[in-house]
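The following report walks through local backbone geometry, burial and contacts in the structure shown below.

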Amino acid sequence: MKSRLWTLVLVIFILPLLGGIIFYWQDIHTSPTGVVNTHKTPLAFEPNTLKDLQCNMLLRGLEHSVQLITKEQKTYFFDDIGCAILWCRDQKVELEGLTLWIYDSVAKRYIDAFSAYYSIIEETPMHYGFG
């Protein structure tokens with residue numbers, strides 16, 4: 001009887017608690033709140049290690065990724081230019097003074113998002129349709 005009780009306690013309380021701790025630890029490490037970037041240049045990252053702040057999707061790679069650098073020199077990562085725009089709107093971030101980099105799949109490097117040309121039929125991670 002006691003072994004069944006301990007098994008029940010383990011299943012109901014301890015395993016969900018451990019799962020919650022692991023999920024919380026993973027969420028902290030994939031959702032940076034702003035990496036300090038004094039040079040305001042695009043930062044390297046490993047695929048599937050960072051979450052988009054707007055949609056919470058993992059950045060699968062460089063393609064379509066966006067890096068937003070604030071006046072305070074903090075870098076935020078997005079998987080789609082549409083997510084970066086919506087996040088700025090929701091956070092009431094002024095576009096003046098921002099540095100915004102978008103990955104150009106043709107040039108295979110980050111370019112200035114403010115001076116970039118966009119396709120309006122691009123298939124992007126969040127299906128905003130421009131990239």
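Lys92, the residue that follows helix 2, has a positive phi near 55°. The model is a predicted one, and this backbone value, like the others reported here, is to be read as computed from predicted coordinates. Most residues other than glycine have a negative phi. Positive values are also found for Gln73, near 65°, and for Lys108, near 60°; the table sets out these two loop residues with their accessibility.

| Residue | Phi | Location | Relative accessibility |
|---|---|---|---|
| Gln73 | near 65° | loop between strand 2 and strand 3 | 29%, partly exposed |
| Lys108 | near 60° | loop between strand 4 and strand 5 | 58%, exposed |

Lys108 counts as exposed because its relative accessibility of 58% is over the 50% cut-off, whereas Gln73, at 29%, counts as partly exposed. The loop that holds Lys108 belongs to the hairpin of strand 4 and strand 5, with 4 residues between the strands. These two strands, of which strand 4 spans residues 99-104, pair in the antiparallel sense over 4 bridges, and within this arrangement Trp101 stands opposite Asp112 of strand 5.

At its N-terminal end, helix 2 is capped by Asp80, a side-chain oxygen of which lies 2.9 Å from the backbone nitrogen of Gly82. Gly82 is itself one of the buried residues of the helix, together with Ile81, Cys83, Ala84, Trp87 and Cys88, and the elements that cover these buried positions include strand 2, strand 3 and strand 4. An α-helix has 3.6 residues a turn, so residues three or four places apart point the same way.

Which residue brings its sulfur nearest to that of Cys83? A search of the whole structure finds 0 disulfides. Cys83 is accordingly in none, and the nearest cysteine sulfur, 3.8 Å away, is that of Cys55. Cys83 has a relative accessible area of 0% and is therefore buried, while Cys88, at 6% relative accessibility, also counts as buried.

Beyond the helix, Val93 lies in the loop between helix 2 and strand 4, where a relative accessible area of 23% makes it partly exposed. When residues up to four places away in sequence are not counted, Val93 touches Trp87, Cys88 and Leu98; of these, Trp87 and Cys88 are among the buried residues of helix 2. The C-alpha atom of Val93 is separated by 8.7 Å from that of Thr70, although the two residues are 23 places apart along the chain.

Gln67, in strand 2 (residues 66-69), counts as buried because its relative accessibility is 0%. Its side chain is joined to that of Tyr110 by a polar contact of 3.2 Å. Apart from residues up to four places away in sequence, the residues that Gln67 touches include Thr41, Pro42, Leu43 and Phe45, as well as Thr75, Tyr76, Phe77, Thr99, Leu100 and Trp101. Trp101, in turn, is the residue that stands opposite Asp112.

As to confidence, the mean pLDDT of the protein chain is 81, with 75% of its residues at 70 or more. Confidence is highest in strand 5 (residues 109-112), at 96, and lowest in helix 1 (residues 2-30), at a mean of 60. Where pLDDT is low, the predicted coordinates should not be read in detail.

Note on methods
Residues are numbered from 1 along each chain as its sequence is written. This is a predicted model: local features need pLDDT of at least 70, side-chain atom pairs count only at pLDDT 80 or more; totals for chains, interfaces and linings use all residues. Side-chain values use heavy atoms; hydrogens and water are left out. Buried means under 20% relative accessible area, exposed over 50%, partly exposed in between (1.4 Å probe, protein chains only). A polar contact is a pair of N or O atoms within 3.5 Å; within protein, one must be able to donate a hydrogen and the other to accept it, and residues adjacent in sequence count only if both atoms are side-chain atoms. Contact means heavy atoms within 4.5 Å. pLDDT is the predictor's confidence in each residue, from 0 to 100. Two strands pair if DSSP finds at least two bridges between them. A disulfide is a pair of cysteine sulfur atoms within 2.5 Å.
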